[in-house]
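Me: I've got a model open and I'd like to go through the labels people put on it. Can you walk me through the reasoning behind each one?

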Amino acid sequence: MQFSRKNPGRLFKFDDNDTGDHLAEYLIKSLLTHAADGLKANRADTGVLIGQTLRDAVLTTLRQVASNAAGAKAHLSGDRIIELVKAISERVAVKREDVGLPDLGSKVWLAIYRSLLARALTTGEIPKLIGDDNKPTPEGEALIKKLLAA
């Protein structure tokens, strides 16, 4: 949280006349809401986004947004952050026996999130990791392999 104390103006608005969501507040609420909704519904795609992983995702979000607040405002409005989190969570939820690919866990979720969040902040791109058939896309698997090799 030290970076949020060093750069509060990038993460939080201090204008009393501004009734819009504060950037950091919006993004953190989005992560927490996604995790809570998944737990309530007992959804498999949110299985790793709890505890330490959720904490690290929040800290990662704050760090990266503090470094690129303009990118966050431009590219993560609406449900874009949730779109990113869901894409990664859905891929991590895929089991080896279902598709013949390696299982991914919380450490990999965080590694993918760090990389794809940075990309989303810069370009607005959120790759499609799961296809319409609920199976990993070849492009998504190639990207994950590349991210994990770096």
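**Helices and how they pack**

Reply: Sure. Let's start with a helix pair: H6 and H8 pack at an angle of about 145°, and their axes are 10 Å apart. Their crossing is right-handed. Bear in mind that this is a predicted model.

Me: Which residues make that contact between H6 and H8?

Reply: From H6 you have Ile81, Leu84, Val85, Ile88, Ser89 and Val92, and they meet Trp109, Ile112, Tyr113, Leu116 and Leu117 of H8.

Me: What secondary structure does the chain have overall?

Reply: It has 9 helices and 0 strands, so the pattern along the sequence reads α-α-α-α-α-α-α-α-α. Of the 150 residues, 44% are buried. Among contacts with a separation of 6 or more, 69% are between residues 24 or more positions apart.

Me: What makes H6 "mostly covered"?

Reply: The count does: 10 of its 14 residues are buried. Those are Ile81, Ile82, Leu84, Val85, Ala87, Ile88, Ser89, Arg91, Val92 and Ala93. The cover over them includes helix H3 (23–41), H8 and H9.

Me: How do you know that the length of H6 fits a helix at 1.5 Å a residue?

Reply: Set the span against the expectation. H6 has 14 residues and reaches 20 Å from its first C-alpha to its last, close to the expected 20 Å. H3 gives a similar check with 19 residues: 27 Å reached, close to the 27 Å expected.

Me: And how do you know that the span of H9 agrees with its residue count?

Reply: H9 (residues 138–149) has 12 residues, which should span 16 Å, and its end C-alpha atoms are 16 Å apart. The expected span uses one less than the number of residues, so the two values agree.

**One face of H9**

Me: Which residues of H9 are buried?

Reply: Gly140, Glu141, Leu143, Ile144 and Leu147.

Me: Why say that they line one face of the helix?

Reply: Because, looking down the axis of H9, the buried residues fall within an arc of 160°. They pack against helix H6 (80–93) and H8. On the other side of H9, Pro138, Glu139, Lys145, Lys146 and Ala149 are exposed.

**The aromatic pair**

Me: How many aromatic pairs does the rule give?

Reply: The count is 1 aromatic pair. Trp109 and Tyr113 form it, with 5.0 Å centre to centre and 25° between the planes.

Me: Why is the pair of Trp109 and Tyr113 called stacked?

Reply: Two tests matter here. Centres have to lie within 6.5 Å for a pair, and planes under 30 degrees apart count as stacked. At 5.0 Å and 25°, Trp109 and Tyr113 pass both, so the pair is stacked.

Me: Where do the two sit relative to each other in H8?

Reply: Trp109 and Tyr113 are 4 residues apart in helix H8 (residues 106–123), so about one helical turn separates them.

Me: Why are both of them called buried?

Reply: Buried means under 20% relative accessible area. Trp109 has 0%, and Tyr113 has 0% too, so both count as buried.

**Loops and a residue of H3**

Me: What makes Gly105 "partly exposed"?

Reply: Its relative accessibility is 31%, which falls between the 20% and 50% cut-offs, so the label is partly exposed. Gly105 lies in the loop between helix H7 (96–99) and H8. Leaving aside neighbours within four places in sequence, Gly105 is in contact with Val48 and Val92. Gly105 and Val48 are 57 residues apart in sequence, yet 6.8 Å apart in space, C-alpha to C-alpha.

Me: Why is Asn134 called exposed?

Reply: Exposed means over 50%, and Asn134 has 63% relative accessibility, so it counts as exposed. Asn134 lies in the loop between H8 and H9.

Me: What is there to say about the phi of Asn134?

Reply: It is near 65°, a positive value in a residue other than glycine. Most residues other than glycine have a negative phi.

Me: Is Leu39 buried or exposed?

Reply: Exposed, because Leu39 has 54% relative accessibility and the cut-off is over 50%. Leu39 lies in helix H3. The C-alpha atoms of Leu39 and Ile50 are separated by 8.7 Å, with their positions 11 residues apart along the chain.

Methods: Residues numbered from 1 in each chain as written. Predicted model: local features only at pLDDT ≥ 70, side-chain atom pairs only at ≥ 80, totals over all residues. Heavy atoms only, no water. Phe/Tyr/Trp six-rings, centres within 6.5 Å; stacked < 30°, edge-to-face > 60°. Buried < 20%, exposed > 50% of the residue type's maximum accessible area, 1.4 Å probe, protein only. Arc of directions from axis to C-beta. Contact = heavy atoms within 4.5 Å. Axes fitted to C-alpha atoms, helices over the stretch in contact; angles between N-to-C directions. Left-handed = near helix turned anticlockwise from the far one by under 90°.
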